Amino acid sequence: MSSHYGYTKNASNGRREFHRGIDVAVSEGTQVLATQNGTVVEVSNASGYGNYVVIANSDGYVSKYGQLSQINV
């Protein structure tokens, strides 16, 4: 785990903010698999996230996978 749920220091601006998820760091090139079945609702690139994919499931959970070197959905 590189970042936990709850209040933490934002790496981008240094302020203490509430982090609504967890971050898991892996080696570059590691294949990322979705944690659950769902629908891809967004594929994009943004400052702070790099290449990312957002997947939503029918129970209302949303997972965001960022800092991806490539995207194959």
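Gln67 is located in strand 5 of the predicted model, where its phi is positive, at about 60 degrees, although the residue is not a glycine. Most residues other than glycine have a negative phi. The relative accessible area of Gln67 is 57%, above the 50% limit, and the residue is therefore classed as exposed.

Strand 5, which comprises residues 62-68, follows strand 4 (50-56), and the loop between these two strands holds Asn57. The two strands run antiparallel and are joined by five bridges, one of which pairs Val53 with Tyr65 in strand 5. Together, strand 4 and strand 5 form a hairpin with five residues between the strands, in which Gly60 adopts a positive phi near 95 degrees.

Within this loop, the side chain of Asn57 makes polar approaches to the backbone of residues that follow in the sequence. A polar atom of the Asn57 side chain lies 2.9 Å from the backbone nitrogen of Asp59, and the side chain of Asn57 also reaches the backbone nitrogen of Gly60, at 3.1 Å. Gly60 is thus both the residue with the positive phi in the hairpin and a backbone partner of the Asn57 side chain. When residues up to four places away in sequence are set aside, Asn57 touches Gln36, Asn37 and Gly38. The relative accessible area of Asn57 is 14%, and because this value falls under the 20% limit, the residue is classed as buried.

The hairpin belongs to an open sheet of three strands, arranged in the order 3-4-5 with antiparallel pairing. Strand 3 (39-46) and strand 5 are the edge strands of this sheet, each of them pairing on one side only. On average, and with direction ignored, neighbouring strands of the sheet are turned by 15 degrees against each other. Strands of a sheet pair through backbone hydrogen bonds, in either a parallel or an antiparallel manner. Between strand 3 and strand 4, which run antiparallel, there are seven bridges, and Ala46 has Gly50 of strand 4 as its bridge partner.

With regard to the confidence of the prediction, the chain has an average pLDDT of 86, and 92% of the residues score at least 70. Among the elements of the chain, the highest mean pLDDT, 96, belongs to strand 3, whereas the lowest, 80, belongs to strand 1, which spans residues 6-9. Where pLDDT is low, the predicted coordinates should not be read in detail.

Conventions: Residues numbered from 1 in each chain as written. Heavy atoms only, no water. Helix = DSSP H or I, 4+ residues; strand = E, 2+ residues; numbered from the N terminus. Buried < 20%, exposed > 50% of the residue type's maximum accessible area, 1.4 Å probe, protein only. Polar contact = N/O pair within 3.5 Å; in protein donor to acceptor, adjacent residues only side chain to side chain. Contact = heavy atoms within 4.5 Å. Pairing = 2+ DSSP bridges. Axes fitted to C-alpha atoms, helices over the stretch in contact; angles between N-to-C directions. pLDDT = per-residue confidence, 0-100.
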